[in-house]
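Please open the structure in your viewer and keep the sequence beside it, so that each selection can be followed from one stop to the next.

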Amino acid sequence: MGFAVFHIEKVTTGASSLGAHIDRSPGHEYTYKNADPARLQENNPLTCGSFNKMKLGEAIDLRIKTAYTGKKAIRKDAVKAMSMVFSGSHDEMKKIFSDEKTGNAWLNANIKFVKEEF
């Protein structure tokens with residue numbers, strides 16, 4: 001029997017390092033040492049307006065700067081973003097992504113969940 005995993009973690013600092021990990025940036029291989037370099041082209045980045053063209057730390061700071069309307073300064077240890085990982089048992093994930101249509105449906109269902117929940 002398969003299982004689903006949803007891991008969510010607060011991001012307060014270090015968004016640049018997290019961004020290098022997510023983007024698989026050259027020179028930061030130590031952050032993704034378990035990733036298969038031959039399969040990096042299979043990564044499926046999601047579009048998020050012009051933010052995709054920026055480094056993660058810069059994108060988060062710009063988003064806060066343009067959206068925050070409060071009068072008080074944001075605390076230095078404030079939660080700035082959430083890191084989310086959706087996964088499941090190895091066999092089930094292989095089965096889901098063996099078919100492009102099923103894989104896209106799984107991705108879209110998770111994106112829909114995040115948009116509705118957060």
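Is D77 buried, or is it partly exposed? Select it and show its surface: in this predicted model, D77 has a relative accessible area of 46% and is therefore partly exposed, since that value lies between the limits of 20% and 50%. Now add R75 to the selection, because the two side chains form a salt bridge in which the closest N and O atoms are 2.9 Å apart. R75 itself has a relative accessible area of 58%, which means that this residue counts as exposed.

That pair is one of several to visit, as a search of the whole structure finds three salt bridges. In general, side chains of opposite charge can pair when their charged atoms come close.

For the next pair, select D61 and K80, whose closest N and O atoms lie 3.8 Å apart in a salt bridge. This one links distant parts of the chain, with D61 in helix α2 and K80 in the loop between α2 and β2, 19 residues apart. Both partners are partly exposed, D61 at 42% relative accessibility and K80 with a relative accessible area of 34%.

From D61, widen the selection to the whole of helix α2, residues 56-67. How far apart are its end C-alpha atoms? They are 16 Å apart, and this agrees with the span of 16 Å that 12 residues should cover at 1.5 Å a residue.

Within α2, colour G57, A59 and I60, which are buried. Looking down the axis of α2, you can see that its buried residues fall within an arc of 165 degrees, so they line one face of the helix. Turn to the face of α2 directed away from this buried side, and there you will find the exposed residues K65 and T66. To see what covers the buried residues of α2, display helix α1 (15-23) and strand β2 (81-88), which are among the elements that do so.

The last stop is helix α4, residues 100-117, where K112 and E116 should be selected together. Their side chains meet in a salt bridge, with 3.6 Å from N to O. The two residues are four apart in α4, and therefore about one helical turn separates them. E116, at 58% relative accessibility, counts as exposed, so the tour can end with this residue in view on α4.

How values were computed:
Residues numbered from 1 in each chain as written. Predicted model: local features only at pLDDT ≥ 70, side-chain atom pairs only at ≥ 80, totals over all residues. Heavy atoms only, no water. Expected span 1.5 Å × (residues − 1). Buried < 20%, exposed > 50% of the residue type's maximum accessible area, 1.4 Å probe, protein only. Arc of directions from axis to C-beta. Contact = heavy atoms within 4.5 Å. Salt bridge = Lys/Arg side-chain N within 4 Å of Asp/Glu carboxyl O.
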